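Okay, thanks for having me, everyone. I'll pull up the structure and then talk you through some parts of it.

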Amino acid sequence: MGGNIVDALLVGLILCNVDLLRTNRIAALIRTAALQGVLIGMILFFSHTDGFSWHVGLFALTVVFLKGVVFPFLLARTRQGVNAQRENNPFVGFPMSVCFGIAAFALSLWIGARLPLPGVSALSVPVGLTTMLTGFFLMTSRRTAITQAIGYLVLENGITVFGALAAGQAPFVVELGILLDVFLGVFVMGIAIFNINREFHHIDADRLSSLKD
Amino acid sequence: MLVALLVLPLLGALLVAIPGMPRRHVILGTAILYALLDLVLLVRGVDGIPSGWIGIDAPALLVLSATALLFVAVAAHLWLQWKQIFHNKTAATEAVFSGCLLAFLATMTLVIVARHFGLLWIGLEATTLATAPLIYTERSSAAVEATWKYLIVCSVGIALGLLGNYVLVIAMHGNGGVGFRVDDLVRQAASCDRTWLRAAFVFFLVGYGTKMGLAPMHTWLPDAYSEAPAPVSALFSGALVNCVFLALMRVYQVMDAAGDGEFARSLFLILGLLSLAMAVAFMLRQGDFKRLLAYSSLEHMGILAFGIGIGGAALSAVFLHVVNHMLIKGMLFLLAGNIVIAFHTRSAIRVRGMVGKTPALGALWLVGLFAISGSPPFGMFISEFQIIQAAFAQGRFWQVGVFLGLLFLVFLGMGGVMLRMALGESKHYEGEERASGPLVPSLVLGVLALALGLHVPDWLNALLENAAGVLGGGRV
């Protein structure tokens, strides 16, 4: 039963990835990334079929709180601060981005078949990889710095899917430390974006190209 | 004892947050105390120190001592040049700089003493966060750009390192609830899932390699090194890379214990030669001398990776190279800082005739050129020579050929730029001599590099052998 729920949640993740690639409104991007975070927290919770443990439950709850509430809040504040509404003129157009997402999923399924993992949903590795690739894609194909930060979060989400497979192995302190670091990372990125905007009056990361050889 | 090493810089960081505090004194004081603690460890030896989540073995002690020494030199340089660096900056900038500098030391210490892979990761991510504000010190648009690139690229790298950690756990899954400390992993390594272990290694190599500056993930390196204040670049290049290198060595330890050392070594070899090639490509006709030094760091990270790729007898040479590089690159970056303040430019084209205008600085700059290119009698010659020797012993002739060819090209590139800076005819700066700025810290580093070239003391030799032994060195 737990397996079915996890499968459904993983499919939900895939749909989130498609939505991330499709949309050009930054506020919507942040919301979808938040939803993704909540789904991942739930995956964390449900993927441990061998009885409930306080350790895993607490970790899942923290993940939901951080990825679903705190990170989106930080990013939304940054977005309002620099008044960024839309992602205009990305390097790769939105329909093409969705095509990329589908291709990435196909590739992930192929790789997942080569990295067998008994006892967990067959979708876990592919979905984790797809989410990571989506995050990478967002970071490299979009112009604004804030979308790059969102892409980083999506990348972290993908990595956390793998974390769900490995959860419960490390003491809670370590997992807390990891989350704290990611939190600080997002926080510092927000500050950096403010400064980029202040210095350049835009947040187009591709126009940050004066340093070159 | 180890906890003291961690807590000391953190206390310092808290102290400098207080307004009105004489920050340069706190930094220097912390550096000296830290070095003294390290000296105690060196004298006492690493045996008998309990190893739990944190601990210290020979490689860690080596990197720790290198970090401590360089930090003292940089702190002394900052102490002497504080006014020139901060005269045009706000008190807030000064506070952030000082706090982040000491936090940087604390996070590096965490990476060095961590025996638990999760803790190691936390330390590495923390170094990225602590150093980003340091790059931004000048508050220029170029500095913003460099800081952003650094944050994004290194965060992605460290995220991949996190994936490596998770995949490593999956690889060890069959053993149920294995401890995640280096010692446990090494013990359990032979009985784990090989495919997943290799996947983990690749993620670690790409992820942590990004932070170390291995090609092709090095794109943040030249910008960050050239925009950050020179003393910060000295620490990046001479201390931070060593800590990341140590982290990669922990991963290598596990791979070696699993019997997959050959796979790991071949990847290191490829990345090493690739880094060297990239360094050559960008060093020729380089217009900014701090970027030149950054590409030189790329070159030396390539040499370290190459040395690991050779393995066996080359390992102790690799650790010797770590020490040499720290000394010489630290010296060169501090000198670069002096040049920037004396000539008000980072352009290698506009600076000319240093031996005439700033004789002592020009002379040291030339000395640095020869030292970093691996010419005797400096220490770097010995470490590079030993690596080549080990490679020959393994019959890797064409790899050595490529290696030597690239090193020669690097010397041409660097030499061209740096010689012209020191000796060339000056079109822009006429007549008067300029103040060189504080040269003693750089001089001390240079003298130590020379001393190492002439004679490696026995205690250091023993430490190097010990460190290589931990990584399975000595076995060919």
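Let me begin with one word I'll use a lot: a residue is called buried when its relative accessible area is under 20%, exposed when that is over 50%, and partly exposed in between. Also, please keep in mind that this is a predicted model.

So let's try the word out on chain B. B:Asp223 has a relative accessible area of 2%, so it counts as buried. What does the side chain of B:Asp223 meet in a salt bridge? The partner is B:Lys149, and the N to O distance is 2.4 Å. Now look at where those two sit: B:Asp223 is in helix α9, residues 221–227, while B:Lys149 is in helix α6, residues 141–171, so this salt bridge ties together parts of chain B that are 74 residues apart in sequence. B:Lys149 has a relative accessibility of 24%, so we call that one partly exposed.

Next, find B:Arg115. Buried or exposed, what would you say about B:Arg115? Its relative accessible area is 5%, so buried is the word. B:Arg115 makes a salt bridge with B:Asp57, where the closest N and O atoms are 3.2 Å apart. B:Arg115 is in the loop between α4 and α5 of chain B, and B:Asp57 is in the loop between α2 and α3, so parts 58 residues apart in sequence get tied together here. B:Asp57 is buried as well, at 11% relative accessibility.

B:Arg115 has another salt bridge, with B:Asp183, and there the closest N and O atoms are 2.8 Å apart. Again distant parts of the chain are linked: B:Asp183 belongs to helix α7, residues 182–188, and lies 68 residues from B:Arg115 in its loop. B:Asp183 is partly exposed, at 26%. If you follow the shared partners, you get one network of salt bridges that joins B:Asp57, B:Arg115, B:Arg181, B:Asp183 and B:Arg250. Over all chains, the whole structure has 15 salt bridges.

Okay, how many of those run between chain A and chain B? The count is zero. There is one residue pair in polar contact between the two chains, with both residues at pLDDT 80 or more. On chain A, the elements giving two or more residues to the side that touches chain B are α5, α6 and α7. The largest share comes from α7 of chain A, with 16 residues. In total, 45 residues of chain A and 41 residues of chain B take part in the contact. People often give the size of an interface as the accessible area lost when the parts come together. Here the two chains bury about 3,700 Å² between them, and 74% of that is on carbon and sulfur atoms.

Last stop: helix α4 of chain A, residues 94–114. From first C-alpha to last, its 21 residues reach 30 Å, close to the 30 Å expected. Which residues of this helix are buried? They are A:Phe94, A:Ser97, A:Gly101, A:Ala104, A:Ser108 and A:Gly112. Looking down the axis, these buried residues fall within an arc of 70°, so they line one face of the helix. On the other side you'll find exposed residues, among them A:Met96 and A:Trp110.

That's me done, so over to you for questions.

Terms used: Residues are numbered from 1 along each chain as its sequence is written. Chains are lettered from A and ligands numbered from 1 in the order in which they are written. Side-chain values use heavy atoms; hydrogens and water are left out. Helices (H or I, at least four residues) and strands (E, at least two) are DSSP runs, numbered from the N terminus. The expected span of a helix is 1.5 Å times one less than its number of residues. Buried means under 20% relative accessible area, exposed over 50%, partly exposed in between (1.4 Å probe, protein chains only). The arc is that of the directions from the helix axis to the C-beta atoms. Contact means heavy atoms within 4.5 Å. Buried area is the accessible area (1.4 Å probe) that two parts lose on being put together, summed over both. A salt bridge is a side-chain nitrogen of Lys or Arg within 4 Å of a carboxyl oxygen of Asp or Glu. A polar contact is a pair of N or O atoms within 3.5 Å; within protein, one must be able to donate a hydrogen and the other to accept it, and residues adjacent in sequence count only if both atoms are side-chain atoms.
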